[in-house]
Structures are given as structure tokens and as C-alpha cells.
Amino acid sequence: MKHYLLLSLFWLSLTSIVSLFPVAISAQDYYKNYDEEYFMDLDFDRNLELPEVPSKLSSSIQKEIRKTAENYQGIGSNVDLMRNGEVMIVTIPTDRLFLPNDTILSSDASSLLNPLLKPITDPFLFKLVIAVHTDDTGSDFYRNELSTARLNSIYDWFINKIDAGEIDESLVIIPFAMGSEMPITDNDSRKHRSENRRLEVYYIPGPKMLEMASKGLLK
């Protein structure tokens, strides 16, 4: 009986300590399953949902994402928020990155792509999802081939930045060639088709940002 009582008191003391320090014990969980191969096996929509932001951290994450969006200074880009303000999207018209029907980045492309690197100095602050879209011109096969080839060129641009040491190789980048599946407007005019031809880069809070938010380090 005495041994049982001592064990019970020890367990109560231990659980009390755990309840006082929930962040320190759970912080490492933000890195669990944070693996590029894992994300590569998921579809586009699921990738935009992960990592999830716990409700108790949502407010501080939203403020940090809003600050990141306000500080983004990419020329010729459009910055928007999604997922209740937890994810930043940078959209660049592919007409400014490629010549018509071409799949090789133009000489001016780097000036438009370089600002994408500023928010990702720490590879665990954000997960990147990059998506290339076309209009509805041509066959499904042509559109899919075009978006895939253009996506490969943009993905290779990021890989070259990693090789040059400008961004860390631990950065998770998940690429998607979307073809004409997700137009933002009807393809009923030259202007609207141009708007549908685009690169989208999604900045999704990574484990480092979630951990910082849990410790109150995001100001």
C-alpha cells in the first residue's frame, strides 16, 4: 500500500509538471512528418492544408504572415492571403517569365523570382508550394506539357539557388504543374487568358514558425 501511495504521488507530481510546461514538451511535434518525400506524395489541395496551424497559434501566425506580405517587394507580382490569413500567395504572370510558348526562363525572369527568396532565409520557416498554370489554348496534352516544362524550369531555378548557397537545401519545395485546371477567370478574352497564365508560390508556415509562435517569439 505504501509503495502504491508513493507511486501515485510521483505520478501526480509528474503530470503537474507536464501541465506547467506544455510548449517545451510538444514543440518537437511540429517537426514530425515534416518531410519533403511525405509532402510529394500528397495532392495539391492537401499540401495547401499542411502543416496545420493549431487554433491557439492562429492569431500570432496571421500577424506574422500579414507582416511578411506587407514587406514583400516583388516587382510585377501580386500578393494575397489564404487559409484564413495563415498562408501567403505570390502570383507572377508567366508572360513575364517566358516568351510565348517557350519553356526557358527569359533573361528578365530572375529579377521577378529573386524577391521570392527573401522570406525563406530559414528553411523551416515556410514550406513552399509552387504551381504553374496555363490558359485553355491548345489541347489538354499541350497545356499539361507546357505547364510541366515551365514548372521544371522554375524548380531548377530554385535548385540552382540551393547549389549556389543562396538558400538552404533543407527547404521543402513542392511543385505542381496545373495545366488549365484552375483558371482565376474565364478564358474569354486575351486579357483574361493572360491572367490565367501564372506562377503561384504559396508560403505555408513551417515547423520553425509554429515553434516560435508557441513560445511567444513572434512579435
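Contact here means heavy atoms within 4.5 Å. In this predicted model, Ser60, Ile61, Glu64 and Ile65 of helix H5 meet Met209, Leu210 and Ala213 of helix H9 in that sense. Both helices also give two or more residues to the largest nonpolar core, which has 38 residues.

**Helices H5 and H9**
- The axes of H5 and H9 come within 9 Å, and their crossing angle is roughly 125°.
- Angles of 65 to 115 degrees count as roughly perpendicular and those over 145 as roughly antiparallel, so H5 and H9 are oblique to each other.
- Their crossing is right-handed.
- By residue class, the contact of H5 with H9 has five nonpolar residues, one polar and one charged.

**The largest nonpolar core**
- Ile61, Leu97, Leu116, Phe158, Leu199 and Tyr203 touch the most other members of this core.
- Helices that supply two or more residues are H5 (58-71), H6 (109-113), H7 (140-163) and H9 (207-214).
- Strands that do so are S2 (87-93), S3 (126-133) and S5 (198-205).
- H7 gives the most, with five residues.

**Around Leu199**
- Setting aside residues up to four places away in sequence, Leu199 touches Val90, Thr91, Ile92, Thr94 and Leu97, and also Leu113, Ile130, Ala131, Val132 and Ile154.
- Ala131, one of these partners, belongs to a second, separate core.

**The second core**
- This separate core has 16 residues.
- Its members include Tyr34, Ile89 and Ile174, along with Ala131.

Technical notes. Residues numbered from 1 in each chain as written. Predicted model: local features only at pLDDT ≥ 70, side-chain atom pairs only at ≥ 80, totals over all residues. Heavy atoms only, no water. Core = buried A, V, L, I, M, F, W, Y, C linked by side-chain atoms within 4.5 Å. Buried < 20%, exposed > 50% of the residue type's maximum accessible area, 1.4 Å probe, protein only. Helix = DSSP H or I, 4+ residues; strand = E, 2+ residues; numbered from the N terminus. Axes fitted to C-alpha atoms, helices over the stretch in contact; angles between N-to-C directions. Parallel < 35°, antiparallel > 145°, perpendicular 65-115°, else oblique. Left-handed = near helix turned anticlockwise from the far one by under 90°. Nonpolar A, V, L, I, M, F, W, Y, C, P; charged D, E, K, R; others polar.
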